[in-house]
Amino acid sequence: MIGKQFKWGDLIARIARFLRIPHCDECERRRVILNDLQAAGVKETLRKLKDCCN
């Protein structure tokens, strides 16, 4: 997986879809933030998640 980023947000979205949890705008913002986890780092990602759905 050299040069390929693991997309946590996409994985969580797939699991939620499998469990039939409805999708909303807040879920989409969260998915985008989680997909950028490797580039932003854990600390920055947690900060963004804290502020994403207020």
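## Starting at Thr45

Let's begin with one residue: Thr45 sits in helix 4. With a relative accessible area of 2%, Thr45 is buried, because anything under 20% counts as buried. Keep in mind that we are looking at a predicted model, so every value here is computed from that prediction.

Which residues does Thr45 touch, once its neighbours within four places in sequence are set aside? The list is Ile33, Leu34, Asp36, Leu37 and Ala40. Two of those names, Ile33 and Leu34, will come back when we get to helix 2, where they are among the buried residues.

## The overall picture

Now step back to the protein as a whole. Its secondary structure comes to four helices and zero strands, so reading from the N terminus you simply get α-α-α-α. Taken along the principal axes, the C-alpha atoms fill a box of roughly 30 × 30 × 10 Å.

The protein has 54 residues, and buried ones make up 13% of them. Of the contacts with a separation of 6 or more, 45% are between residues 24 or more positions apart.

As for confidence, the mean pLDDT of the protein is 86, with 93% of the residues reaching 70 or more. Among the elements, helix 1 (residues 8–18) has the highest mean pLDDT, at 92, while helix 4 (residues 42–52) has the lowest, at 88.

## Helix 2 and what is packed against it

Helix 2 covers residues 25–35. Its buried residues are Ile33, Leu34 and Asn35, and these pack against helix 1, helix 3 (37–40) and helix 4.

Asp25 belongs to helix 2 as well, but is it buried or exposed? Asp25 is exposed, because its relative accessible area is 62% and the cut-off for exposed is over 50%. From Asp25 to Cys52 is 27 residues in sequence, and the two are 11 Å apart in space, C-alpha to C-alpha.

## Helix 2 meets helix 4

How do helix 2 and helix 4 lie relative to each other, roughly parallel or roughly antiparallel? Their axes are 10 Å apart and the packing angle is about 175°. Angles over 145 degrees count as roughly antiparallel, and therefore that is how helix 2 and helix 4 are described.

On the helix 2 side, the contact involves Arg29, Arg30, Ile33 and Leu34; on the helix 4 side, it involves Thr45, Lys48, Leu49 and Cys52. So our starting residue, Thr45, is part of this contact. Sorted by type, the contact residues are four nonpolar, one polar and three charged.

## Helix 2 meets helix 1

The axes of helix 1 and helix 2 come within 6 Å and cross at roughly 140°. The pair is therefore oblique. Helix 1 brings Trp8, Gly9, Asp10, Ile12 and Ala13 to the contact, and helix 2 brings Arg31, Leu34 and Asn35. By type, that makes four nonpolar residues, two polar and two charged.

Leu34 is worth a second look: it appears in the contact with helix 1 and in the contact with helix 4, and it also touches Thr45.

## An aromatic pair

How many aromatic pairs does the protein have? The count comes to one. The partners are Phe6 and Trp8, set edge-to-face, with 4.8 Å from centre to centre and 75° between the planes.

Phe6 counts as partly exposed because its relative accessibility is 34%. Trp8 is partly exposed too, with a relative accessible area of 39%. Trp8 also takes part in the contact of helix 1 with helix 2.

Notes
Residues are numbered from 1 along each chain as its sequence is written. This is a predicted model: local features need pLDDT of at least 70, side-chain atom pairs count only at pLDDT 80 or more; totals for chains, interfaces and linings use all residues. Side-chain values use heavy atoms; hydrogens and water are left out. Rings of Phe, Tyr and Trp (its six-membered ring) pair if their centres lie within 6.5 Å; planes under 30 degrees apart count as stacked, over 60 as edge-to-face and the rest as tilted. Buried means under 20% relative accessible area, exposed over 50%, partly exposed in between (1.4 Å probe, protein chains only). pLDDT is the predictor's confidence in each residue, from 0 to 100. Helices (H or I, at least four residues) and strands (E, at least two) are DSSP runs, numbered from the N terminus. Axes are lines fitted to C-alpha atoms, for helices over the stretch in contact, and angles run from 0 to 180 degrees between N-to-C directions. Angles under 35 degrees count as roughly parallel, over 145 as roughly antiparallel, 65 to 115 as roughly perpendicular and the rest as oblique. Contact means heavy atoms within 4.5 Å. Ala, Val, Leu, Ile, Met, Phe, Trp, Tyr, Cys and Pro count as nonpolar, Asp, Glu, Lys and Arg as charged, and the others, Gly among them, as polar.
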